[in-house]
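Student: I would like a close look at one part of this structure, please. After that, I would be glad to see how some of its other parts are put together.

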Amino acid sequence: MLRPRALIPSVTVGLVLGAVACNLTPDATTDSDGDETAANTDATDTTGDEPTTSGPTTDNPPTTTNPATTDEPETSTETTNPETTEGPTTETGTTGPDLGEVTIYDIQGGEVPENSVVTVKGVVITSPARVNNDGEGTMFVQDPMGGELSGIAVFLAPEVAMGFGVKPGLVVDITGEYTEFFGESQLKITSVDDLVQVGEGEPPAPAVVPAADVATGGAKAEAYEGVLVQVENVTVTNPAVDMSDFEVDGALRINDFFLFPQMEEPVVVNGQVFTSIAGPLRFSFDDHKIAPRAAADLVVDAIPPAEEYTIYEIQEGMVAVQTPVLVKGAIVTSPLTFKKDGFFIQDAMGGEYSGIYVFIGANAVDVKPGDIVDVEGIYDEYYDNSQIEVSDAMKVTVTGMGAAPAPEIVDAADVTAGGPLQEQYEGVLVTVENVTVAAVNAMFGEYELTDGLFVDDLFFAKADWVLPMVADTFTSLTGPLAFNFEEAKLSPRSTADIVE
């Protein structure tokens, strides 16, 4: 029931790329560039227009959208967003005095006035280019001598980003405008002619530094800004600082600036140990953070094993998000969703805080209401909806069979978004009685009751889902309760759950 947003789910041995963190659908899927893009290849259009043979018919929970997808806005293309390393908003090129040839050490050492046009020669590209939806790119370069004050971010105008084949190890001469973009030093290149390859080799080895020294406010954070650095033997202390960062020892943030576009999001859980993490040290949103350039920059040592918890402990906030969990002896309360990517379970004792959603993604799991199961996965709050995310079908074990529990009878007004019992009954099988339809949204295949509770088609094919008319009444509606699009939604499991 915790409301903070978590990062990437699932447990595997080592680093998992393109994690299986697909869940109940958020309002929009935006990458760390602020671009509205799908998170991974599981991302699915749930607008209700897809064929009835290929998944749910509406924009309802759960779907296969990846939470990793929606991390913090990283590189929107205007200067209103400090997470990008683009240059000033002027489109006419450089504007400051031409100081001629300088070194990166000169710039980072404060010897070059801001907005000066400078030339740095013989520097090495240390990262790929991160290109946003407007075609603007960001890369990092470094003086081959390395050390403190040797690196800097480079903003590439679209023609440069598209016209120059950025590759780590290339040796280049750069002419551009030195700026401080929301506190991050950078060179702005507006013409392809201002970026010239003069050699090729290997990017320099990263400087090994203590995590606390390069964290925000650390003793060496400013000195190593823009430099390729590496921290070693660090433990994850917060897997979900925000939607694109996690935190390790020393309060050092690790950012997905380069990983997200490559769909190389790492598995990150509480207590996970990384042998090493490398990447350029960025400064964005007032924080210093390492930006790994690819999966190889994150070397996993150990992922902690799942510990046994009850659904009550999870839903009552006793378990931190992104924690490996094992729930034993739960009762399945629903069939698989129409997309076959999840189901609901509940503690046999029932009542408040007794239910939770299990997301299985593309894993083939055979369960039905009444099955008694053990479930192992990662507990996450996916856009404020509690769930256990399972990375392997073998992590769902049917240990017995029985009858599905009777639903809890609740007032619709109590479990609507913001209602006094909405949190308590999230994930629980409930029944509302004597309700009236207030509005119908055919596009999303759902309708709203007069008390504000929504009803959707999570378990129905489009052809089988019949929308009511406004003012229609129902004697009762039954189904698991979820939270999606900032609304509480009840999902009937079959026509038997809809009593007129």
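Student: Which residues does S476 touch, not counting residues up to four places away in sequence?

Tutor: Happy to help, and please keep in mind that this is a predicted model. S476 touches T431, V432, E433, N434, D497, I498 and V499, with residues up to four places away in sequence left out. The serine itself is part of strand β27 (residues 473-484). Its relative accessible area is 13%, and the cut-off for buried is under 20%, so S476 counts as buried.

F474 is also worth finding on your screen. It belongs to a cluster with Y447, F460 and W465, joined through ring pairs. In total, the structure holds ten aromatic pairs.

One of these is formed by F246 and F274: their ring centres are 5.8 Å apart and their planes meet at 25 degrees, so this pair is stacked. F246 sits in strand β11 (residues 245-248) and F274 in strand β13 (residues 273-284), so the pair links distant parts of the chain, 28 residues apart. Both phenylalanines are buried.

Compare that with F344 and Y357, an aromatic pair that is tilted, with 5.0 Å from centre to centre and 55 degrees between the planes. F344 comes from strand β18 (residues 342-346) and Y357 from strand β19 (residues 355-359), so this pair ties together parts that are 13 residues apart in sequence. F344 is buried because its relative accessibility is 2%. Y357 is buried too, with a relative accessible area of 0%.

Aromatic rings can have charged neighbours as well, and F257 shows this. The charged end of R282 sits over the ring of F257, 3.8 Å from its centre. R130 also lies over the face of F257, and here the distance to the ring centre is 5.1 Å.

Another residue to find is M263, in the loop between β12 (252-255) and β13. M263 has 34% relative accessibility and therefore counts as partly exposed. From C-alpha to C-alpha, M263 is 9.5 Å from A294, although the two are 31 residues apart in sequence.

For a strand with several partners, turn to β6 (residues 170-181). Nine of its twelve residues are buried, so β6 is largely enclosed by the rest of the structure. Strand β2 (residues 117-125) pairs with β6 in the antiparallel sense over six bridges, and V120 stands opposite I174 in β6. Strand β8 (residues 195-200) is also an antiparallel partner of β6, over five bridges. In that pairing, V172 stands opposite Q197 in β8. Then there is strand β7 (residues 184-189), which pairs with β6 in the antiparallel sense over five bridges. Here E180 stands opposite S185 in β7. β6 and β7 form a hairpin with two residues between them. One residue to look at in that turn is F182, which has a positive phi of about 50 degrees.

While you trace these strands, one general point may help: in a regular strand, side chains alternate between the two faces of the sheet.

To come back to your residue, S476 is a buried serine in strand β27, and its contacts include T431 and V499.

Definitions and conventions. Residues numbered from 1 in each chain as written. Predicted model: local features only at pLDDT ≥ 70, side-chain atom pairs only at ≥ 80, totals over all residues. Heavy atoms only, no water. Phe/Tyr/Trp six-rings, centres within 6.5 Å; stacked < 30°, edge-to-face > 60°. Helix = DSSP H or I, 4+ residues; strand = E, 2+ residues; numbered from the N terminus. Buried < 20%, exposed > 50% of the residue type's maximum accessible area, 1.4 Å probe, protein only. Lys NZ or Arg CZ within 6 Å of the ring centre and 35° of its normal. Pairing = 2+ DSSP bridges. Contact = heavy atoms within 4.5 Å.
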